[in-house]
2 protein chains.
Amino acid sequence: MATQPNILFIMADQLRADYLGRNGHPTIKTPTIDALAAKGVNFTKAYTQAPVCGPSRMSFYTGRYAFSHGATYNNVPLKLSEKTIGDYLRPLGYRVGLVGKTHMKKDVEGMQRLGVDPESSRGVLLSECGFEPYERDDGLHPDQAVSPDLAYNNYLRGLGYDGHNPWHEWANSGEGENGEVLSGWYMRNCHLPARIPEAHSETAYTTNRAMEFIRESADAPWCLHLSYIKPHWPYIAPAPYHDMYGPEDVLPVNASEQEKANLHPVIEAFMGHDESMNFSREEVRQRVIPAYMGLITQLDDHLARLFAFLKEIGQYDNTLVVLTADHGDYLGDHWLGEKELFHEASARIPMIIHDPRPQADTTRGREDDRLIEAIDLVPTFVELAGGDVPNHILEGRSLLPLLTSGEVAQWREFAISEADYAWRKARFALDLAPDQTRAIMITDGRWKYVHYEHFRPQLFDLQQDPQEQQDLGQDEAHADQCERLEQALYDWYRQRKMRTTVSNAAVANMTGKAHARGYLFGLW
Amino acid sequence: MATQPNILFIMADQLRADYLGRNGHPTIKTPTIDALAAKGVNFTKAYTQAPVCGPSRMSFYTGRYAFSHGATYNNVPLKLSEKTIGDYLRPLGYRVGLVGKTHMKKDVEGMQRLGVDPESSRGVLLSECGFEPYERDDGLHPDQAVSPDLAYNNYLRGLGYDGHNPWHEWANSGEGENGEVLSGWYMRNCHLPARIPEAHSETAYTTNRAMEFIRESADAPWCLHLSYIKPHWPYIAPAPYHDMYGPEDVLPVNASEQEKANLHPVIEAFMGHDESMNFSREEVRQRVIPAYMGLITQLDDHLARLFAFLKEIGQYDNTLVVLTADHGDYLGDHWLGEKELFHEASARIPMIIHDPRPQADTTRGREDDRLIEAIDLVPTFVELAGGDVPNHILEGRSLLPLLTSGEVAQWREFAISEADYAWRKARFALDLAPDQTRAIMITDGRWKYVHYEHFRPQLFDLQQDPQEQQDLGQDEAHADQCERLEQALYDWYRQRKMRTTVSNAAVANMTGKAHARGYLFGLW
């Protein structure tokens, strides 16, 4: 199967692109990821299609923009007609598995309507974005929502951790001076070590499960989506990662009074969210960010373990490795917490790809600043697996040319990212109906333009103002840029791929054939 | 069931809006349709969402624009995730049936992927736009494509008409002087009577089947899509309709040398099609149009028979009747034949609705020139049936307010119609790939603007130039109109409803609730 490399598609939830040593962070330690980049290609201008878990991942898994697949926010079920990565790779002979998180919400109503049993193997695949759910863990759930049967809960229980939800009580909590359980949900507790040894933590467990999947899959090409929950909140790390970093390692916040002077209504509404108000306090940043960084370094250490394992079993040189994230984390920048909006902290993602094949030798160690989108992975994988890329459905572009020769006649001019914040309190503050809350970002790499429905746009010059401190959206001197990018957005909307049930080749094959088929209209 | 009126949703394929007496045609006889309009509301500015059978009908049946449902041309399968009229009305207690044509292409590949047996009752509904196919006849098929089991073929065979495809050989052919069969596919034969008595013709048969459906459905509210194939080609009518009209009844062609002087490339390419070249000859018009008109009058006579039947069985006063068409027919106007483009002859459709309920008494006989779209029927029917209109999916608006009080605070400002001509020879002439052939029309009732991908736009002033002879798309003096309508198109694209798996009410119910559900992110 040398012609069909394995695919190790690693995602770290909420990992900011600039929180990697290779990407310039001065204090964080990510030697494994840095080494991967040194041997592969580091795409420095990669954007998520939506800076929030669910829609971002649905774009990663379908190869389509959020506008097109329609799952615009967390817990919006993906329509059953949307094909996913498994639909493309499984027929090419791949085992397509999941270990970790997807944030997929299954379309129960759709299944009922179409008579698909969610418990059948087809139903399970449709419920899991086409992945065989070797291990699905979507991250810590609240007590009232948790199933006692979550795999990681069972694992912890097997190790003797008691309680209804040991994931919460042990893995995502710390302890007070008197042994009281202090929930990791609360950021005031993020400096504490988790109540379990590192070897039992989510990241360690997830890595173990990935190795089990890989070991089991030795006989066929495989695509494993290894989808780590961390460094996503709750921001609580096991020892020794909980105090590996201190306030001295925390970068100064990227927020200014200047920003507040020209505040966009939507930004202002988001600034009213709890996470924004809390992350705007230096006390919070200095407690949370060291834990966030510790979780990243822990992840890096487990990737070292995983890559060593791949080498040990002789699969490293036949496995394409992708390291990316679904979105970033504001961490107080721009007076915001969490993600969802379009500053670089939130919308830019790490995208490092190691292609082990000789034909990629010429690009090793390259930093590539062409515009990359999350939707590019599915076509990349399909092409790598030897399939035909269905370009009437997939809206991304294969990255293989960029990984091998590095040459491509014409690359995309713009990257797009979308938001639908109807689920957030900001909607109330802005007095909008649930279908009035869309925003869309377009960037050509230098200029970043955000179109908000019902509000004025924003414009940033990433070259002159990489910190995005100066919103030029109302600046008369930049009206031409705004107009140009608005036109590009309009062009983008018109090109969305909705005619997904007939391929372009099939259409081409039908053109002008009606008479030949006997439909003799219009003849005298 | 007095609270749930029946719905008789009549469509006549390729019936031009202006080929009705009520709509001003000076020579055609359509007394039944005219009387329906006199008792109901005649919407004089109704547009099809796509001037070609398949996509138009998919819009009629889904309540969504072609861009949204994706079935952009004939024989593009409708995605299984697209709900149709049956999904909405059946749960409200309606029997939802089809007699006639839909041009639906079932999504075989999608069914295979989702495990739906096309032969199961679910599979059949999914194959038939949600209609129970009481009688499906999509019109005359060529010999090599025809199934000998087509219902109308079987009917004819039962009457003693022989051959593999009696629909073609008898119902849609005439006879020469020596008894030779002359195919109705060829327009030179359109002056001949069909080889069967009128009572055995498609239109008569279809009406009979509708009456059978209605008779069978007396116990529950029903929605019948009565979808006549005629006056669509082959343009051949049975006696006496074949010579009811003559050249003296044919209106002068609406085509001029002025149009040719400023020819749009797409129009020019369509002018190269056989149907356009033939219909540009007066000989063809004078032979075909009388037959076309005869078929319309025949239809009108059968509607009289049908309405008499409804009265006889006591259902007329409890049945909402719609009379519409999927698109028009150029018939040589603008040097074109067939349809597909956006002149009034092609994109405007008849839309007459008779609401028998007392609350509609105030609007009887009204001519309503507000902009109506094909997608308005599904929400109209859902509201009439007492259901909640799912406004996160349906893109049309219920016409009930226009039928009852006539009052509505704010009606739509623009109507839209779309084309995808990848399947036509014009694509070769224009040297386009199969995904570069989209065009879209927007009108505010006065100005009609057509955006063509890869070509300049067109603009017509329907008030000053109702014949659409003067394309102002390149006229500097009208640049502001073009810009305004281009902006309106951009706004329209952004508002498409793709998040169809969660209702607006459900979203509203979730807004700001994450913390209450125990997801305690962002708290200190």
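**Why each label fits**

Reader: What makes Glu216(B) count as exposed?
Author: Glu216(B) has a relative accessible area of 51%. Exposed means over 50%, buried means under 20%, and partly exposed lies in between (1.4 Å probe, protein chains only). The value of 51% is over 50%, so Glu216(B) is exposed.

Reader: What should I know about the model itself?
Author: This is a predicted model, where local features need pLDDT of at least 70, side-chain atom pairs count only at pLDDT 80 or more, and totals for chains, interfaces and linings use all residues; side-chain values use heavy atoms, with hydrogens and water left out. Residues are numbered from 1 along each chain as its sequence is written, while chains are lettered from A and ligands numbered from 1 in the order in which they are written.

Reader: How do you know that Arg95(B) and Glu216(B) meet in a salt bridge?
Author: A salt bridge needs a side-chain nitrogen of Lys or Arg within 4 Å of a carboxyl oxygen of Asp or Glu. The N to O distance here is 3.5 Å. That is within 4 Å, so the pair qualifies.

Reader: What makes this pair a link between distant parts of the chain?
Author: Arg95(B) is in strand β3 of chain B, and Glu216(B) is in helix α9 (residues 202–216) of chain B. They are 121 residues apart. Helices (H or I, at least four residues) and strands (E, at least two) are DSSP runs, numbered from the N terminus.

Reader: Why is the pair of Glu132(B) and Arg95(B) called a salt bridge?
Author: Their closest N and O atoms are 2.5 Å apart, so the pair passes the distance rule. Glu132(B) lies in strand β4 (residues 132–136) of chain B and Arg95(B) in strand β3 (residues 95–100) of chain B, so the bridge ties together parts that are 37 residues apart in sequence.

Reader: Why is Glu132(B) called partly exposed?
Author: Its relative accessibility is 25%. That falls between the limits for buried and exposed, so the middle label applies.

Reader: What makes Arg22(A) and Glu367(A) a salt bridge?
Author: Their closest N and O atoms are 2.8 Å apart, so they meet the rule. Arg22(A) lies in the loop between β1 (6–12) and α1 (31–39) of chain A, and Glu367(A) in strand β11 (residues 366–373) of chain A, so the pair joins parts that are 345 residues apart in sequence. Arg22(A) is partly exposed at 28%. Glu367(A) is partly exposed at 40%. Over all chains, the structure holds 74 salt bridges.

Reader: How do you know that chain B touches chain A?
Author: Contact means heavy atoms within 4.5 Å. By that rule, 78 residues from chain B and 78 residues from chain A take part. The area buried between the chains is about 7600 Å², of which carbon and sulfur atoms give 57%. Buried area is the accessible area (1.4 Å probe) that two parts lose on being put together, summed over both. In chain B, Arg113(B), Tyr490(B) and Trp524(B) lose the most area to chain A, together 13% of what that side buries.

Reader: What makes Glu453(B) and Arg494(A) a salt bridge?
Author: The closest N and O atoms are 2.5 Å apart, so the pair fits the rule. Across this interface the rule finds six salt bridges.

Reader: Which helix gives the largest share of chain B's side of the contact, and what classes of residue does that side have?
Author: The largest share, five residues, comes from α18(B). By class, the side has 33 nonpolar, 19 polar and 26 charged residues. Ala, Val, Leu, Ile, Met, Phe, Trp, Tyr, Cys and Pro count as nonpolar, Asp, Glu, Lys and Arg as charged, and the others, Gly among them, as polar.

Reader: How do you know that α18 of chain A spans close to what is expected?
Author: The expected span is 1.5 Å times one less than the number of residues. Helix α18 (residues 479–494) of chain A has 16 residues, with 22 Å expected and 23 Å found from first C-alpha to last. Its buried residues include Leu485(A), Tyr490(A) and Arg494(A).

Reader: What makes the phi of Leu331(A) notable?
Author: Its phi is near 50 degrees, a positive value in a residue other than glycine. Leu331(A) lies in the loop between β8 (319–324) and α14 (344–347) of chain A. At 1% relative accessibility, Leu331(A) is under the limit, so it counts as buried. Leu331(B) also has a positive phi of about 50 degrees.

Reader: Which peptide bond ending at Pro231(A) is cis?
Author: The bond from Lys230(A) is cis, with omega near 10 degrees. Pro231(A) sits in the loop between β7 (222–228) and α10 (257–261) of chain A.
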